[in-house]
Amino acid sequence: MSLTSLFNHKTVFSLEVFPPKTTAKTNQLINSLTGIERIRPDFISITLGANGANNEHALELAGTIENQLNIPAMAHIPGLYRSKADVTNYLNALKKQGIQNVLALRGDLNPQQAPVGDFHHASDLTEFIKQQGDFDVAGACYPQKHPDSNNFIDDTLHLKEKVNAGATHLITQMVFDNQAFYDFKQRLELAGIDVPVEVGIMPCTNQKQIKRIIELSGIELPAKFKAILDRYADNPAAMRDAGVAYAIDQIVDLVAHGVDGIHLYTMNNTENTQRIWDATHNLFAATDKSFRPRLQVLGK
């Protein structure tokens, strides 16, 4: 099923998982997903490395989610290190599994590896995928701008190119500052970008994980979250509780202000996922877009 239609009548709740490197660990993840099946997320996205490594495990996991768990699967496709033939073959494999939802990405640049050259930008890949069949293509976006963008204007213009190429909805990079998202949403409205936007939320439960994220993404953490790190970084149990509570607080605020959806970066931690869902599921059940106002953009 196409996911875009979901945004017409509810606040979407989705998950992201990554494929383990072995079949045994993949099966272990599938078993844990079965354990939280009562959550019934609107879809589950499956990551894939920029160089296309772990293709088979990603495809296996996506097919199981789609056909055994009966939850729509969204397959990630990074384009920087893939040829048009590679992408076509992968799309054909997805078709055989009945998967029609994909997330088109440029992928991270590896200074030690030259890109293939067929897809320089995610917009190039998006346009190509739209020509290959009935795929619903999502795109990534960056509320605090992409690390390679010079400024917010350039970043917004590139995002508009992605939408014009066929991206039907957007998923943000992980957000730790809701105000940054509200400002971003305002820029989209000014630019005439009118597609659903899911906010990426990641419950950070250890300091090492957070430092790694900052290094890769350049995200600026808000003072409130820095205070949590300073207070609980050396206490794993307290840091886990604080990270989950912070994510829940973000979701409550975002859903109350009419966000299109929440995309939870699970890091394959089903326990944290379950805790967050238990604390917020009534918020999603209560949503009905036909009776909700548009997203309110808060002032600083």
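Mentor: A residue is called buried when its relative accessible area is under 20%, and we shall need that cut-off for the strands of this model, which is a predicted one.

Trainee: What makes strand S4 count as mostly covered?

Mentor: Five of the five residues of S4 are buried, which means that each of them falls under the 20% limit of relative accessible area. The coverage applies to both faces, since Asn-101, Leu-103 and Leu-105 are buried on one side, while Val-102 and Ala-104 are buried on the other. In a regular strand the side chains alternate between the two faces of the sheet.

Trainee: How do you know that S3 and S4 are paired strands?

Mentor: Strands S3 (residues 73-78) and S4 (residues 101-105) are joined by five bridges and run parallel, and because pairing requires at least two bridges, the condition is met. Among the bridge partners, Ala-75 is matched with Val-102 of S4, and Pro-78 is matched with Leu-105 of S4. The connection between these strands goes through helix H3, in a β-α-β crossover that is right-handed.

Trainee: Why is that crossover called right-handed?

Mentor: With the strands pointing away from the viewer, the path from the first strand over the helix to the second must run clockwise to earn that name, and the crossover from S3 through H3 to S4 is assigned to that hand. Helix H3 (residues 84-96) itself lies across S3 and S4, with its direction at about 170° to S3. Helix H4 (residues 122-130) also packs on the sheet, where it touches S3, S4 and S5 and makes about 150° with the direction of S4.

Trainee: What makes S5 a partner of S4, and where does Val-102 stand?

Mentor: S4 and S5 pair in the parallel sense over four bridges, and at least two are needed, so the pair qualifies. Val-102 stands opposite Val-137 in S5. The chain passes from S4 through H4 to S5 in another right-handed β-α-β crossover.

Trainee: What follows S5 in the barrel, and how is the barrel ordered?

Mentor: The closed barrel has eight strands, in the order S1-S2-S3-S4-S5-S6-S7-S8, with parallel pairing. Neighbouring strands of this sheet are turned by 30° against each other on average, direction ignored. S5 (residues 136-141) pairs with S6 over four bridges in the parallel sense, and Cys-141 has Thr-172 of S6 as its bridge partner. Helix H5 (residues 152-165) carries the chain from S5 to S6 in a right-handed crossover. On the other side, S6 and S7 (residues 197-201) pair in parallel over three bridges, with Ile-171 matched to Glu-198.

Trainee: How do you know that Asn-269 caps helix H10?

Mentor: A side-chain oxygen of Asn-269 lies 3.2 Å from the backbone nitrogen of Glu-271, at the N-terminal end of H10, and because a polar contact needs N or O atoms within 3.5 Å, that distance fits.

Trainee: What makes H10 a bent helix, and where is the bend?

Mentor: Helix H10 (residues 270-285) bends by about 50° at Ala-279, a value that is the angle between axes fitted to the seven residues ending there and the seven starting there. Its buried residues include Trp-277 and Phe-284, and what covers the buried residues of H10 includes strand S1, helix H9 and strand S8.

Note on methods
Residues numbered from 1 in each chain as written. Predicted model: local features only at pLDDT ≥ 70, side-chain atom pairs only at ≥ 80, totals over all residues. Heavy atoms only, no water. Helix = DSSP H or I, 4+ residues; strand = E, 2+ residues; numbered from the N terminus. Axes fitted to C-alpha atoms, helices over the stretch in contact; angles between N-to-C directions. Contact = heavy atoms within 4.5 Å. Buried < 20%, exposed > 50% of the residue type's maximum accessible area, 1.4 Å probe, protein only. Polar contact = N/O pair within 3.5 Å; in protein donor to acceptor, adjacent residues only side chain to side chain.
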